[in-house]
Amino acid sequence: MFIMMNAARFGVGMQGIAVADRAYQKAVAYAKDRVQTRPVDGSSKDAAAIIHHPDVRRMLMTQRALVEGCRAMAIDAAAAYDMAHHHEDAETRKEAQAFYEFMVPLVKGYSTEMSLEVTSLGVQVHGGMGFIEETGAAQYYRDARILPIYEGTTAIQANDLVGRKTVRDGGAFARGVAAQVEETEGALAANGSADALAVRAQLAAARGGLRRGGGLHRRQRQGQAQRGVRGVRALSDGGRQPDGRLAAGALAAGGAGAQGGRSGCRVHGRQDRHRAVLRRAHPAALRGAARRGRQRRGQRDGAARRRVLTRPDER
């Protein structure tokens with residue numbers, strides 16, 4: 001079953017990349033044709049195509065960077081899959097298979113969430129024309145919306161990454177991947193260019209999250225699962241998800257694994273631990289839930305008072 005699911009999830013991740021790339025291509029073509037006012041940077045005294053406007057260029061380059069980054073991630077995972085099936089050395093095949101399995105929830109979870117951002121930017125580049133059916137830009141946005149849901153929601157991918165791919169070996173493989181990232185950081189530092197150093201800084205931040213995620217199993221035994229979940233969140237979405245879906249999805253895995261991957265506590269005990277994790281990983285969601293709870297209690301109390309005041313013996 002998991003062989004089938006890994007293949008399907010990788011395919012859905014590639015679908016997210018494809019839809020996002022098509023939205024980017026369409027946005028570029030429209031930006032080259034749509035003429036609207038003079039650029040604010042003074043590069044032209046006459047009305048110019050919107051691709052010359054700085055904010056439009058920012059959106060287009062954001063789309064391109066996200067698409068190309070996710071495509072590179074997926075190609076790396078696909079190369080590991082090929083090595084796992086065709087390499088001559090048995091140990092190399094085993095390591096490649098483990099790397100591929102580790103990458104699948106990232107390809108599926110991040111690439112599909114990325115497709116929502118890229119297709120939304122595509123609508124924004126089109127302006128009002130992007131919101132209607134004539135251009136077709138909105139269709140990509142609608143098509144992308146299902147991708148974080150089927151073949152395992154984003155939260156399920158977080159559970160898979162934490163519960164199966166990280167905790168099962170005590171985080172050893174995750175720390176091994178972090179060591180590979182550190183080698184790349186060294187090569188970038190040796191390059192010395194401003195771009196290389198900027199990428200190195202981003203990699204260092206991601207590696208820190210990866211190492212914290214790799215220590216999740218140990219921290220669970222110490223009653224500090226929330227720190228491990230935050231680390232896996234940093235690995236999964238770079239801290240960029242607006243509502244912390246990957247972090248919230250990892251809550252179940254935060255409760256599991258404390259006893260060799262199985263939770264020995266009752267439902268309320270798990271809920272208490274999950275609230276503690278959520279309070280640190282996404283405090284805004286917890287504050288919203290507390291506010292809604294107070295509103296519901298106020299409504300119930302008001303209804304009870306009205307019932308008391310309208311009893312027949314007190315009319």
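**Notebook: a walk through the helices**

**Entry 1: Asp160**

I started with aspartate 160, which is buried, since its relative accessible area is 2%. My cut-offs for the word: buried is under 20% relative accessible area, exposed is over 50%, and partly exposed is in between, with a 1.4 Å probe and protein chains only.

A reminder to myself before going on: this is a predicted model, where local features need pLDDT of at least 70 and side-chain atom pairs count only at pLDDT 80 or more, while totals for chains, interfaces and linings use all residues. Residues are numbered from 1 along each chain as its sequence is written, and side-chain values use heavy atoms, with hydrogens and water left out.

**Entry 2: the whole chain**

I then stepped back to look at the chain. It has 13 helices and zero strands, so I noted how these terms are set: helices (H or I, at least four residues) and strands (E, at least two) are DSSP runs, numbered from the N terminus. Read from the N terminus, the order of elements is α-α-α-α-α-α-α-α-α-α-α-α-α. I also looked up how much is hidden: 40% of the chain's 315 residues count as buried.

**Entry 3: salt bridges around Asp160**

Which partners does aspartate 160 have? I found a salt bridge to arginine 164, with the closest N and O atoms 3.4 Å apart, and another to lysine 165, where the closest N and O atoms are 3.0 Å apart. The term asks for a side-chain nitrogen of Lys or Arg within 4 Å of a carboxyl oxygen of Asp or Glu.

Helix H5 (residues 154–166) holds both aspartate 160 and arginine 164, and the two sit four residues apart, about one turn of the helix. Are these partners buried or partly exposed? Arginine 164 counts as partly exposed because its relative accessibility is 39%. Lysine 165 is buried, because its relative accessible area is 5%. Through shared salt-bridge partners, Arg9, Asp160, Arg164 and Lys165 become one network.

**Entry 4: a bridge between two helices**

How many salt bridges does the structure hold? I wrote down eight. One of them that I followed up pairs arginine 71 with aspartate 21, their closest N and O atoms lying 2.8 Å apart. This pair links distant parts of the chain, as arginine 71 is in helix H2 (residues 54–86) and aspartate 21 is in helix H1, 50 residues apart. Arginine 71 is partly exposed because its relative accessible area is 30%. Aspartate 21 has 17% relative accessibility, so it counts as buried.

**Entry 5: aromatic rings**

My search of the whole structure turned up three aromatic pairs. In one of them, phenylalanine 10 and tyrosine 100, the ring centres are 6.1 Å apart and the planes meet at 50°, so I call the pair tilted. This pair also ties distant parts of the chain together: phenylalanine 10 belongs to helix H1 and tyrosine 100 to helix H3 (residues 90–126), 90 residues apart. The rule I used: rings of Phe, Tyr and Trp (its six-membered ring) pair if their centres lie within 6.5 Å, with planes under 30 degrees apart stacked, over 60 edge-to-face and the rest tilted.

Phenylalanine 10 and tyrosine 100 are both buried. Tyr81 joins Phe10 and Tyr100 in one aromatic cluster.

**Entry 6: empty space**

Last, I looked for gaps. On a 1 Å grid over the protein atoms alone, a cavity is a set of points where a 1.4 Å probe fits but cannot get out; a pocket is an open set with protein on both sides within 12 Å along at least five of seven lines; and lining residues have an atom within 4 Å of a point. Points are joined across faces, edges and corners, and a volume is the space filled by probe spheres set on them.

I found two cavities of 30 Å³ or more. The largest cavity has a volume of about 40 Å³, and its lining residues include Ala23, Lys26, Thr119, His126 and Tyr140. H1, H3 and helix H4 (137–145) each give two or more residues to this lining, and H3 has the largest share, with four residues.

The second largest pocket encloses about 310 Å³. It is lined by 14 residues, and Glu95, Ala96, Phe99, Phe173 and Gln180 lie nearest its centre. H2, H3 and helix H6 (172–191) are the elements that give two or more residues to that lining. Which helix gives the largest share? For the second largest pocket that is H6, with five residues.
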